[in-house]
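User: Pick one spot in this model and walk me through it closely, starting from the side chains and working inward. Keep it informal, please.

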Amino acid sequence: MAKAELGDKDLEQTLKPFYDRAAQAEERLAKLEELLIKKGNSENETKVSSVVEEFQSKLTIANADIASEREKASKEIEKLTAENQKLKYRVAHLIRALRDADLKLAASVGSS
């Protein structure tokens, strides 16, 4: 359970810059929309509209980047978890082999 929480924290830290960029883009978009409402000029509306569309496309790209990074992080976590399980298995067998060797050594020293 603790490993999953660590993985979630790492994932959050990895994705934080993308969330920040997305939040900044949303803030800029909101400001531009306010400006658009305040100014009813059709010439300005066209300019602002194109800027709003540009920011919306950037926001879409940022969200896609976040999803991509989340997927990569998830795959990496799965890979590391599997590797960790394999290593735990090896350690358990090495410890058992070491105990067996110690017992055999103790038995041979004791019988001599």
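Analyst: Lys72 counts as exposed, at 51% relative accessibility (exposed means over 50% relative accessible area, buried under 20%, and partly exposed in between, with a 1.4 Å probe and protein chains only). This is a predicted model, so local features need pLDDT of at least 70 and side-chain atom pairs count only at pLDDT 80 or more, while totals for chains, interfaces and linings use all residues. Residues are numbered from 1 along each chain as its sequence is written, and side-chain values use heavy atoms, with hydrogens and water left out.

Lys72 pairs up with Glu69 in a salt bridge, the closest N and O atoms being 3.9 Å apart (a salt bridge needs a side-chain nitrogen of Lys or Arg within 4 Å of a carboxyl oxygen of Asp or Glu). The two sit 3 residues apart in helix α2, so about one helical turn separates them (helices are DSSP runs of H or I, at least four residues, strands are runs of E, at least two, and both are numbered from the N terminus). Glu69 itself is partly exposed, at 22%.

A little further along there's Glu71 with Lys75, a salt bridge at 3.3 Å between the closest N and O atoms. These two are 4 residues apart in helix α2, again about one helical turn. Glu71 is partly exposed at 47%, and Lys75 is exposed at 52%.

Now for a link between helices. Asp65 makes a salt bridge with Arg21, the closest N and O atoms being 3.5 Å apart. Asp65 lies in helix α2 and Arg21 in helix α1, so the pair ties together parts that are 44 residues apart in sequence. Both are partly exposed: Asp65 at 29% and Arg21 at 42%. The structure holds 5 salt bridges.

Heading inward, Glu69 also turns up among the residues that Leu15 touches, together with Ile66 and Arg70, leaving aside residues up to four places away in sequence (contact means heavy atoms within 4.5 Å). Leu15 is found in helix α1, residues 2–38, and is buried, at just 1%. Its C-alpha is 6.3 Å from that of Ile66, though the two are 51 residues apart in sequence.

Leu15 and Ile66 both belong to the largest nonpolar core, 8 residues in all (a core is a set of buried Ala, Val, Leu, Ile, Met, Phe, Trp, Tyr and Cys residues joined through side-chain atoms within 4.5 Å). Helices α1 and α2 (42–111) are the elements that give two or more residues to this core, with α1 giving the most, 5 residues.
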